[in-house]
2 protein chains.
Amino acid sequence: MNIEKRSGCPINLSLEIMGDKWSLIIIRDMMFGNRRHFRDLLTHSQEKIASNILAARLKHLLSVGLISKQDDPSHSQKAIYSLTEPAIQLVPLLAMMGGWGRKHLPVTPELSIRAELLENGGPVMWEKFMSELRDIHIKDPIGGASGKVVSPVLIDLTAAYRQICATMAETD
Amino acid sequence: MNIEKRSGCPINLSLEIMGDKWSLIIIRDMMFGNRRHFRDLLTHSQEKIASNILAARLKHLLSVGLISKQDDPSHSQKAIYSLTEPAIQLVPLLAMMGGWGRKHLPVTPELSIRAELLENGGPVMWEKFMSELRDIHIKDPIGGASGKVVSPVLIDLTAAYRQICATMAETD
DNA sequence: AACAACCAGTTGCAAATCGCAATTGGTTGG
DNA sequence: CCAACCAATTGCGATTTGCAACTGGTTGTT
């Protein structure tokens, strides 16, 4: 993760810090799945990231200021990872990326329900979601990680996800 | 460029085809710089891509359907690369990525003027630009590559870019 | 016809990165 | 005391990256 500087173009600089196959996956899981611990991110993701790569990416994301890290008071060994303001402002980008993928790529329905809801919700929903993310990642990261503070939009998104998964299972 | 399939999540699938440091740079140059030939993309980009990597990426982008390739009638050896409809629909994503980078990263002013104009123009400008891209990449790729068919939005963007570059040079 | 400049790539090779599996040193709860 | 869990780290082979040089061919000029 050396600091290159190919050019000062905004798109290039963005790609230099998140233009790889894992960084945005991790941010996605923290953002939409509220995965806040190493073990959570390691095991509960669809894409089966390796532990050394997860460690390297987290270090990288920390170094570029997209996430923050703090001790979990409930468990001296646990660390809580949280999104920073710049990462929260990636919500529209991820929403659009999801929308684009849903339109042009062979997505599976149960995994794209979140993207669909977020796309339909539009900028108004994005703003609401971002505001809630600030509550559980910046204002009260500990409460947010433990589930004591919640995000209604996040609950809606995961509820819809669970429902569609149940429907799919039923038809088997 | 093997075909993985880590998951059917829209964001993941999008990252699997453009989640690297070069694919979107190439699409950016084709889109905003109207670079349509191998040599053009190789030499006129800020980031100095190596020729073997450019060749590999173009092959990859062709295989996933983001660009198309055809012979240049004016030169039997030249090939014209054009954006396909899915790639043109990345305009909002690239606009947002530029906007995000401009806000959070140490961009250079002359290279971010395009991102700023595109951001200020909003969805209305994006649609207009996309419509013009369809003219010069899909409807008449040969005329578009040779400059016989033009995109007014593109001209505005590059004019502003040239003007800012001139202003910067003046102050040296 | 000769020749330089240009065309889209390819090849060889060293360095860096990726990804899997196993392991580390420590903490927690029963 | 011990099994389960915690955030990583290590070893190592496979893959990818990036540089430099080169290939076989075309075009424009003289």
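**A friendly note on two protein chains and two DNA strands**

1. Let's start at the DNA: a phosphate oxygen of DNA strand D is 2.8 Å from an N or O atom in the side chain of B:Arg57. A polar contact here is a pair of N or O atoms within 3.5 Å; within protein, one must be able to donate a hydrogen and the other to accept it, and residues adjacent in sequence count only if both atoms are side-chain atoms. Bases of this strand are approached too: the side chain of A:Arg39 places an N or O atom 2.6 Å from a base nitrogen of DNA strand D, and for B:Asn52 the distance to a base nitrogen is 2.4 Å.

2. Before going on, please keep in mind that this is a predicted model, in which local features need pLDDT of at least 70, side-chain atom pairs count only at pLDDT 80 or more, and totals for chains, interfaces and linings use all residues. Residues are numbered from 1 along each chain as its sequence is written, chains are lettered from A and ligands numbered from 1 in the order in which they are written, and side-chain values use heavy atoms, with hydrogens and water left out.

3. Which residues are closest to DNA strand D? They are A:Arg39, A:Ser51, A:Tyr81, B:Trp22 and B:Asn52, out of 21 that surround the strand; a residue is near a strand if one of its heavy atoms lies within 4 Å of it. Of the strand D atoms within 4 Å of the protein, 60% belong to sugar or phosphate and the rest to bases. The surface near DNA strand D has six nonpolar, 10 polar and five charged residues. In this count Ala, Val, Leu, Ile, Met, Phe, Trp, Tyr, Cys and Pro are nonpolar, Asp, Glu, Lys and Arg are charged, and the others, Gly among them, are polar.

4. Now for the other strand. DNA strand C is surrounded by 21 residues, the closest being A:Asn52, A:Arg57, B:Arg39, B:Gln77 and B:Tyr81. Sugar and phosphate make up 59% of the strand C atoms that come within 4 Å of the protein. A:Trp22 has a polar side-chain atom 2.8 Å from a phosphate oxygen of DNA strand C, while A:Asn52 has one 2.4 Å from a base nitrogen. The side chain of B:Ser51 has an N or O atom 2.7 Å from a base oxygen of this strand. With four residues, α4(A) gives the most to the surface near DNA strand C; helices (H or I, at least four residues) and strands (E, at least two) are DSSP runs, numbered from the N terminus.

5. How do the two chains relate? A rotation of 180° with 0.0 Å of shift along its axis superposes chain A on chain B, with an RMSD of 0.0 Å; the fit is by least squares on the C-alpha atoms of residues with pLDDT of at least 70 in both. The two copies are therefore related as by a two-fold rotation axis. In chain A, the C-alpha nearest this axis belongs to A:Asp20, 2.3 Å away.

6. Finally, the chains touch each other. The contact (heavy atoms within 4.5 Å) takes 48 residues from chain A and 48 residues from chain B. Because 100% of the interface residues of chain A are also interface residues in chain B, the copies meet through the same surface. Across this interface, 15 residue pairs are in polar contact, both at pLDDT 80 or more. On the side of chain A that touches chain B, α6(A) supplies the largest share, 11 residues.
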